[in-house]
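Trainee: I have a structure to read and some questions about its surface and its empty spaces. Can we go through them together?

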Amino acid sequence: MRKNSIKNTRINGEVLRELSSIIRGEIKDPRIHPLTSVVSVSVAPDLKTCKAYISVLGDSGAQADTLSGLKSAEGYIRMKLAKNLNLRNTPEIHFIMDQSIEYGVSMSKKIDEVNRMDESRHTEEES
């Protein structure tokens, strides 16, 4: 199976959906932050490994705790994936922290701040 085949893309989507459902509803570890989301999933063509990109909206301590909580629950998550997905092999999951959502939120705040400053400057010039 090629890396960008239709089958691999479909498997990535199914694993993403199931993984986010498991993290959101079935793991009771208090280290995992409630605002944890699965950004993307990349399953290897041989179905042996899987990279799961995780984003946590919080400080760096919450991100580190969430990552350690997910790594300790890796066996449980893999068992749930095997139960819910009908795959030949259940991939070994490697969790990777992805800062894209947090980066987008901070950039949006900066843009809003610049727009407010620009608008206040225009109102001062008009009066």
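Mentor: Short questions and answers follow, and keep in mind that this is a predicted model.

Trainee: Is Pro-34 buried or exposed?

Mentor: Start with its place: Pro-34 lies in the loop between helix H1 (6-25) and strand S1 (36-43). Its relative accessibility is 74%. The cut-off for exposed is over 50%. So Pro-34 counts as exposed.

Trainee: How far apart are the C-alpha atoms of Pro-34 and Arg-24?

Mentor: Along the chain, Pro-34 and Arg-24 are ten residues apart. In space, the separation of their C-alpha atoms is 7.6 Å.

Trainee: Which class fits Val-105: buried, partly exposed or exposed?

Mentor: Val-105 sits in helix H4 (residues 100-126). Its relative accessible area is 35%. Buried means under 20% and exposed means over 50%. Val-105 falls in between, so the class is partly exposed.

Trainee: What accessible area does the nonpolar patch with Val-105 have?

Mentor: Val-105 shares this surface patch with Leu-35, Val-39, Leu-57 and Ile-101. Together they have an accessible area of about 360 Å².

Trainee: Which residues are closest to the centre of the largest pocket?

Mentor: The largest pocket has a volume of about 190 Å³. Eleven residues line the largest pocket. By class, they are six nonpolar, one polar and four charged. Closest to the centre are Lys-7, Arg-10, Ile-11, Asn-86 and Leu-87.

Trainee: How many charged residues line the largest cavity?

Mentor: The largest cavity holds about 30 Å³ of space. Its lining is Leu-81, Ala-82, Leu-85, Leu-87, Thr-90 and Pro-91. Five of these are nonpolar and one is polar. The number of charged residues is therefore none.

Note on methods. Residues are numbered from 1 along each chain as its sequence is written. This is a predicted model: local features need pLDDT of at least 70, side-chain atom pairs count only at pLDDT 80 or more; totals for chains, interfaces and linings use all residues. Side-chain values use heavy atoms; hydrogens and water are left out. On a 1 Å grid over the protein atoms alone, a cavity is a set of points where a 1.4 Å probe fits but cannot get out, and a pocket is an open set with protein on both sides within 12 Å along at least five of seven lines; lining residues have an atom within 4 Å of a point. Grid points are joined across faces, edges and corners, and a volume is the space filled by probe spheres set on the points. Patches are made of residues with over 30% relative accessible area and no salt bridge: like charges are joined within 9 Å, nonpolar side chains (Val, Leu, Ile, Met, Phe, Trp, Tyr) within 5 Å. Accessible areas come from the Shrake-Rupley method with a 1.4 Å probe; for residues, only the protein chains shown count as cover. A salt bridge is a side-chain nitrogen of Lys or Arg within 4 Å of a carboxyl oxygen of Asp or Glu. Helices (H or I, at least four residues) and strands (E, at least two) are DSSP runs, numbered from the N terminus. Buried means under 20% relative accessible area, exposed over 50%, partly exposed in between (1.4 Å probe, protein chains only).
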